[in-house]
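Student: I have a model open and want to go through it with you. Where shall we begin?
Tutor: Bring it up, and ask about one side chain to start.

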Amino acid sequence: MALEFSTQPGCRERHLRRKANNPLFPQAERNISQAQIDEAARLDSEEEAAFFEELRSLLEEASGLSGQVDTEVVLNLKERLDRLYEQCAGLGGDHAGEKQALLQFNEVIMSAIRGAAEGDPMAADELAKEQSA
């Protein structure tokens, strides 16, 4: 019986595809069942739903901010934004639009951080390192 993988699998299902009959993995891990694939697809789907929920939450929080915001709030948004981008990169399917929107949002946050750090050479150095990363 041939195994049926999704056309655009998430990270768990892709890993099972790599393991299937692959001599680089121990023999016990090479034998993949359709039930394992289905469970991986379910977990990948749940991760995608959680990603969109977190993205919605982040955007709602950001849109509710006033003109003057504490630096910790902005840095927290930046950290969550970075985590969402990483998560988005591992999702199945085409999420180029979401990745582009996250990059644009990141630039807005970085502009705010750069503006707050003006005149502080240490902060400017840290921002340069962050931007290159």
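Student: Is Phe52 buried, partly exposed or exposed?
Tutor: Keep in mind that this is a predicted model. Buried needs under 20% relative accessible area, and exposed needs over 50%. Phe52 comes out at 32%, so it counts as partly exposed.

Student: And which class does Phe51 fall into?
Tutor: The cut-off for burial is under 20%. Phe51 has a relative accessibility of 0%, so it is classed as buried.

Student: Which geometry does the aromatic pair of Phe51 and Phe52 have?
Tutor: The structure holds one aromatic pair. Phe51 and Phe52 form it, with ring centres 5.1 Å apart and 70 degrees between the planes. Planes over 60 degrees apart fall into one class. The Phe51–Phe52 pair is therefore edge-to-face.

Student: What is the helix and strand pattern along the sequence?
Tutor: There are zero strands to place. The helices number six. Read in order, the pattern is α-α-α-α-α-α.

Student: Why is the protein described as more spread out than a compact globule?
Tutor: The globule rule gives 14 Å for 133 residues. The protein is well over that, so it is more spread out than a compact globule. Its C-alpha trace spans about 65 × 30 × 20 Å along the principal axes. The radius of gyration behind the verdict is 20 Å.

Student: What share of the residues is buried?
Tutor: The count runs over the 133 residues of the protein. Phe51 is one that counts as buried. The buried share is 26%.

Student: Which residue in the loop between helix 1 (11-19) and helix 2 (27-30) has a positive phi?
Tutor: The phi is about 55 degrees, and the residue is not a glycine. With a relative accessible area of 64%, it is exposed. The residue in this loop is Asn21.

Student: How far apart are the C-alpha atoms of Gln68 and Leu16?
Tutor: Gln68 sits in the loop between helix 3 (34-63) and helix 4 (71-90). It counts as exposed, at 74% relative accessibility. Along the chain, Gln68 and Leu16 are 52 residues apart. Their C-alpha atoms are separated by 48 Å.

Student: How far apart are the mean positions of the positive and negative charges?
Tutor: The protein carries 14 positive and 26 negative charges. Each set has its own mean position. The distance between the two means is 7 Å.

Note on methods: Residues are numbered from 1 along each chain as its sequence is written. This is a predicted model: local features need pLDDT of at least 70, side-chain atom pairs count only at pLDDT 80 or more; totals for chains, interfaces and linings use all residues. Side-chain values use heavy atoms; hydrogens and water are left out. Helices (H or I, at least four residues) and strands (E, at least two) are DSSP runs, numbered from the N terminus. The radius of gyration is taken over C-alpha atoms; the globule rule is 2.2 Å times the number of residues to the power 0.38. Buried means under 20% relative accessible area, exposed over 50%, partly exposed in between (1.4 Å probe, protein chains only). Lys and Arg count as positive and Asp and Glu as negative; His and the chain ends are not counted. The place of a charge is taken as NZ of Lys, CZ of Arg, CG of Asp or CD of Glu. Rings of Phe, Tyr and Trp (its six-membered ring) pair if their centres lie within 6.5 Å; planes under 30 degrees apart count as stacked, over 60 as edge-to-face and the rest as tilted.
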